[in-house]
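Today I went through the backbone for odd peptide bonds and odd phi angles. My notes follow the model.

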Amino acid sequence: MKENTPIQFLIIHCTATPKSLEIGAYEIDKMHRFERGFDRIGYHYVIKRDGIIEKGREEKEIGAHAYGYNKGSLGICLVGGLSDLNEPENNFTPNQFESLYRLLKQLKENTPDAEILGHRDLPNVSKQCPCFDVIPWWSTQKALNGFGLIEDT
Ligand SMILES: [Zn+2]
């Protein structure tokens, strides 16, 4: 197995499903096997609507989530991102954003130089995934944390 190192990117995705759909790693794993032909889920982490973080692939395994960027990255997927009319929509829950922040903070401890971005921030990506602007969101979170507004537990 080729090692998935060094980790240079932490790439945020969404399932592009309506907010009423309460799926998780199990359902995504099935979709990736049967619809995409992957041997298992392509992401390393999934954050469900209730904020529960589920594990997908092992971090040392190369994922299948960002064309041309799979080696040296980790893929984190939030469940949601589509409106009821199937339009891209930032409809993630406060629990999901909280969990995303905590997960990224934890991952950054091992990979301090890794860049955090959304799938659509990579070059030549035409889809809207993950349906919100990750880079300014992360800057804001870091700033808030710097002011002690988010407690470390
Ligand atoms: Zn994506």
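I started with Pro 130, which I found in the loop between strand S7 (115–118) and helix H3 (134–146). My helices and strands are DSSP runs numbered from the N terminus, with H or I and at least four residues for a helix, E and at least two for a strand. The bond that joins Cys 129 and Pro 130 is cis, with omega about 5 degrees.

A note to self: this is a predicted model, so I keep to pLDDT of at least 70 for local features and 80 or more for side-chain atom pairs, while totals for chains, interfaces and linings use all residues. Numbering runs from 1 along each chain as its sequence is written, and side-chain values use heavy atoms, without hydrogens and water.

Next I looked at Cys 131, in the loop between S7 and H3. Its phi is near 70 degrees, positive although the residue is not glycine. Is Cys 131 buried or exposed? I have it down as buried, at 10% relative accessibility (buried is under 20% relative accessible area, exposed over 50%, partly exposed in between, with a 1.4 Å probe and protein chains only).

Why bother to write these down? Most residues other than glycine have a negative phi, and most peptide bonds are trans.

Then I moved to Pro 6, in the segment before strand S1 (9–14). The peptide bond from Thr 5 to Pro 6 is cis, and I noted omega near -10 degrees.

Last entry: Ala 16, in the loop between S1 and strand S2 (17–18). Ala 16 is not glycine, yet has a positive phi, near 55 degrees. I logged Ala 16 as partly exposed, because its relative accessibility is 39%.
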